[in-house]
Amino acid sequence: DDNLVVLGIETSCDDTAAAVVRSSGDILSQVVSSQADLLVRYGGVAPKMAEEAHSQVIDQVVQEALNQANVSETDLSAVAVTIGPGLSLCLRVGVQKARKTAGSFNLPIIGVHHMEAHALVARLVERELQFPFMALLISGGHNLLILAQGLGQYIQLGTSIDDAIGEAYDKTAKWLGLDMRRSGGPAIEELAQEGDAESIKFSIPMKQHKDCNFSYAGLKTQVRLAIESKNIQDRRSRADIAASFQRVAVLHLEERCQRAIQWALKIEPSIKHLVVSGGVASNQYVRARLDQVVKKNSLQLVCPPPSLCTDNGVMVAWTGIEHFRMGRFDPPPPAVESEDFV
Ligand code: KG4
Ligand code: ZN
């Protein structure tokens, strides 16, 4: 084994996360500081505020990741950091911290694509997972269906033409007045268990489009209109809306995955796995429904545990390891650099 130890830093959205991972696949530490309280107060992510929140905790989060892993900077092989996509003000906090650490300790630095990290962390979880494989990435900002042929070789089969599914979960939760101290997704998932998923007939998005793209803006509007036109005082009627929304939101995923599998198998008949990752993939109903689709096609579902589906530093460190092994990294930055140089 190459025995690498990599620090991963993630600040693309509202979580400040860091982790230390070994190339053997051992997770030595994992630290996440979430801005959930800010989100509740302001009803969404405000970039400037999120940047300040990241800045306040980044040193502490990284230090804790090193402490928990029982390593010091000198034990590290490299530093990996998310460089996009995401809020640029927020990304910068992570990148500056990574450059400072790498500069001070003469470590190579690896810039990581956030969505690639969501997909590749599945290879840490499931060591049997070889290229080529398919991945459905479902989060707050993105819906992606890809065919991964090799490291850095991805064919996009489908993407969201408007809102991502996580955004639809979050807005539905907000309009239903649910407790948003975590995020909307888990609140809807929980409430939906008490509801009748057939009670409201929302229409399935993009039925007439025979492709693998996604759209959640229309479903969002349908849900908002339903909430406005109904009495949602009692928990039961809120649960009915949550369950009906979730059923159709996930049906859309199922249909797209079914078609994408057919497409992908024509390009790469040796595919055996569909990876489902990103925050929404921590949802048990989503996992169960997609497992059915995958099984029907004689494939296997690979879905990381919830803590590795939502934004985290482990996926960044692991993706860094995969790139580092292939010689894809930047040399250590200068030890001292002014802030505006970054
Ligand atoms: O990947 P992620 O942590 O951040 C982004 O890259 O966007 O995904 C966050 C999204 C949020 O929209 C959140 O509501 C959703 O994932 N989410 C869930 C669940 N847990 C998180 N959606 C549905 N069910 C869940 N259990
Ligand atoms: Zn994410």
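Pro85 sits in the loop that joins β4 (78-84) to α3 (88-104), and the peptide bond leading into Pro85 from Gly84 is cis, with omega near -10 degrees. Helices here are DSSP runs of H or I with at least four residues, strands are runs of E with at least two, and both are numbered from the N terminus. Keep in mind that this is a predicted model: local features need pLDDT of at least 70, side-chain atom pairs count only at pLDDT 80 or more, and totals for chains, interfaces and linings use all residues. Residues are numbered from 1 along each chain as its sequence is written, while chains are lettered from A and ligands numbered from 1 in the order in which they are written.

There is another cis bond to look at, from Phe131 to Pro132, with omega near -5 degrees. Pro132 lies in the loop between α4 (114-125) and β6 (133-138).

**Backbone angles worth a look**

| Item | Angle | Place |
|---|---|---|
| Asn3 | phi near 50 degrees | segment before β1 (5-10) |
| Met206 | phi about 55 degrees | loop between α6 and α7 |
| Asn106 | phi near 55 degrees | following α3 |

Asn3 has its positive phi despite being a residue other than glycine, and Met206 is not a glycine either. How exposed are these two? The yardstick is the number of other C-beta atoms, placed from the backbone, within 10 Å of a residue's own: 20 or more is buried, 12 or fewer is exposed, and anything in between is partly exposed. Asn3 has 8 C-beta neighbours inside 10 Å, so Asn3 counts as exposed. Met206 has 17 C-beta neighbours inside 10 Å and therefore counts as partly exposed.

**Helix α3 and its surroundings**

Downstream of Pro85 comes α3, with 17 residues. From first C-alpha to last, α3 reaches 24 Å, close to the 24 Å expected at 1.5 Å a residue; the expected span is 1.5 Å times one less than the number of residues. Buried residues in α3 include Cys90, Leu91, Val93, Val95 and Ala98, and charged-type names such as Lys97, Arg99 and Lys100 are on that list as well. The buried residues of α3 pack against β1, α2 (47-69), β4 and β5 (109-113); contact here means that two C-beta atoms, placed from the backbone, lie within 7 Å.

Ser88 is part of α3 too, but Ser88 is partly exposed, with 13 other C-beta atoms within 10 Å. Ser88 and Thr11 are 77 residues apart in sequence, and their C-alpha atoms are 9.6 Å apart in space.

Over in helix α2 you'll find Ala65. With 26 C-beta neighbours inside 10 Å, Ala65 counts as buried. Leaving out residues up to four places away in sequence, Ala65 touches Leu7, Ala18, Ala19, Val20, Ser29, Val31 and Gly313. Gly313 is 248 residues along the chain from Ala65, and the two C-alpha atoms are separated by 9.4 Å.

For contrast, take Gln156 in strand β8 (residues 153-159). Gln156 has 11 C-beta neighbours inside 10 Å and counts as exposed. With residues up to four places away in sequence left out, Gln156 touches Leu144 and Ile146. Gln156 and Phe245 are 89 residues apart along the chain, with 27 Å between their C-alpha atoms.

**Helices α6, α7 and α8**

Helix α7 (residues 217-229) has 13 residues and reaches 19 Å from first C-alpha to last, close to the 18 Å expected at 1.5 Å a residue. Which residues of α7 are buried? Leu219, Lys220 and Val223 are. Looking down the axis of α7, the buried residues fall within an arc of 105 degrees, so they line one face of the helix; the arc is taken from the directions from the helix axis to the C-beta atoms. Thr221, Leu225, Glu228 and Ser229 are exposed on the other side of α7. The buried residues of α7 pack against α5 (165-175) and α8.Finally, helix α6 (residues 184-192) and helix α8 (residues 235-267) pack at an angle of about 110 degrees, with their axes 8 Å apart. Axes are lines fitted to C-alpha atoms, for helices over the stretch in contact, and angles between N-to-C directions run from 0 to 180 degrees. That makes α6 roughly perpendicular to α8 (65 to 115 degrees; under 35 is roughly parallel, over 145 roughly antiparallel, the rest oblique). Ile188, Leu191 and Ala192 of α6 meet Arg238, Ala239, Ala242, Ala243 and Gln246 of α8.
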